[in-house]
Amino acid sequence: MLRKKIKEFNRIILRLGLVFLVLISFNCQRDDICPETTLITPLLRISFFDIENPDVPKPPTNLRVKAVDMDSILLNRVNVSEISIPLKTDVDFTEYEFILNAPAATDTVSISNTDIILFTYARNEFYINRACSYKVNFINLKATPQTIAEDSVRWIKNIIVEEENIENETNAHIFIYH
Amino acid sequence: MKQTHISLFTISIFFLFNFWSANSQTNLDTIQYKEKYGLRIGFDLSKPLKTLLEDDYRGLEIIGDYRVYKNYYLAAEIGNEELAIKEQNISSTAKGSYIKLGADYNAYENWAGMENVIFVGMRYAFSTFSQTLKEYTISRGSQYFPPNIIAGPFETKGLTASWVELVAGIKVELLNNLYLGGNVQLKRRISQTTPSNFDNLAIPGFNRTYDESLFGVGYSYSLSYLIPLYKKAKD
């Protein structure tokens, strides 16, 4: 009699426990780490092309990239035909120096050429999830070359905004011809 | 050697069960016990304790059940909570009230004269609350510029959520009519309204939510008192 009851009781508890375990395990995916595959605030992708041969990619020689109001250098003496740079997410503009033929630390002979481009845009914030928080997409991007007094020769000949809304990093957003 | 041990074990088990069955039989045959029916009310012990121990938590819950028929109880909880969520890049609070209505089934066959409860139950729960985004950091692919942290608070009022709960727990009679209980809850959300361009990271009564999942979990410890209204013989 009692043996039967105990058995029955054990069965109920066991079943309950199993159901709970299975259901709770569904909740145990980690959601406190932002996966790298998530689309967060995109970088601005810039491609460099030959001005004489507009279809041919042309890496600028020893290019240094640095935000005007930052002390640290973003990219130093790179020789690539495509770069990705961040835009500021707290204001509607970012100003970058693009330095061609940037000298090495020990080099005092080479002459570099600095061009400044002002990027202006509007910002939209989007909630992603609890781990990734928010991202910013940029819309109506404009790129304006700034005049520099000391060197009158611009190495950047033309700038074309290919995608004025920056929502991902699938394609280059800006083409620079030089 | 091994065999003697096994036989000793079997014999002792045999005696034990014999003793038990003999005991229960006499009880069943001789006296008709009456069981109490009434309203049991109490409160959740864990919420006031958490209020004292944790800086960013505040909560209170009143619980009640009413024995309707044999092992079936109508059950309800009503509460108010303030839940804080702190993630690496985002922090928020949810503040509001909730009510849970449903029934419990006592799956425990008590020994004569005892009235403990081991129950399973279902609830329908409804919550009205506000969600406040306190601070967040924009996620960016480059750390070149200093972190862009935006401080609120940005509060959204008038949010609602509803869910169903599967409850399992125990209630033990400590003193006459005074019960100590504990239960675990599995919740599945049915509906919710969220702030625009944000989410409910926590819901009062539901606890924290999970991205990409409608489920939630909870627990509670309770102290309750049975107000006996009438007695009825156990059959």
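The predictor's confidence in each residue is expressed as pLDDT, on a scale from 0 to 100. The structure is a predicted model, in which local features need pLDDT of at least 70 and side-chain atom pairs count only at pLDDT 80 or more, whereas totals for chains, interfaces and linings use all residues. Residues are numbered from 1 along each chain as its sequence is written, and chains are lettered from A and ligands numbered from 1 in the order in which they are written.

The model scores ipTM 0.78 and pTM 0.78. For chain B the mean pLDDT is 85, with 86% of the residues reaching 70 or more. Among the elements of chain B (helices are DSSP runs of H or I with at least four residues, strands are DSSP runs of E with at least two, and both are numbered from the N terminus), the lowest mean pLDDT, 46, belongs to helix 1 (residues 2-30) and the highest, 96, to strand 8 (residues 202-203). Over residues 6-27 of chain B the pLDDT is below 50, and this stretch has seven contacts in the model beyond near neighbours in sequence; two residues are in contact if their C-beta atoms, placed from the backbone, lie within 7 Å.

Chain A contains one helix and nine strands, and the helix precedes the strands in the order from the N terminus. Of its 178 residues, 20% count as buried, a term applied when 20 or more other C-beta atoms lie within 10 Å of a residue's own, with exposed meaning 12 or fewer and partly exposed the range in between, and with C-beta atoms placed from the backbone. Of the contacts in chain A with a separation of 6 or more, 56% are between residues 24 or more positions apart.

A nonpolar core is a set of buried Ala, Val, Leu, Ile, Met, Phe, Trp, Tyr and Cys residues joined through C-beta atoms within 7 Å. The largest such core has 25 residues, and those touching the most other members are A:Leu44, A:Ile46, A:Ile85, A:Leu87, A:Phe138 and A:Ile174. At least two residues of this core come from each of strands 1 (44-49), 4 (82-85), 5 (93-100), 6 (113-129), 7 (133-146) and 9 (174-177) of chain A and from strand 5 (117-137) of chain B. Another core, of 11 residues, lies apart from it and includes B:Phe129, B:Ala161, B:Trp163 and B:Ile203.

In chain B, a closed barrel of eight strands follows the order 1-2-3-4-5-6-7-10 with antiparallel pairing, where two strands pair if DSSP finds at least two bridges between them. Neighbouring strands of this sheet are turned against each other by 25 degrees on average, direction ignored; axes are lines fitted to C-alpha atoms, for helices over the stretch in contact, and angles run from 0 to 180 degrees between N-to-C directions. Strand 2 (residues 58-69) and strand 3 (residues 72-86) of chain B are antiparallel and share 11 bridges, one residue pair being B:Tyr66 and B:Leu74. In their hairpin, with two residues between the strands, B:Lys70 takes a positive phi near 45 degrees. Strand 3 of chain B is also joined by 15 bridges to the antiparallel strand 4 (residues 90-106) of chain B, through a hairpin of three residues. Within this pairing, B:Tyr72 is partnered by B:Tyr105 and B:Leu83 by B:Ala94.

B:Leu226, in strand 10 (residues 215-233) of chain B, counts as buried because it has 21 C-beta neighbours inside 10 Å.
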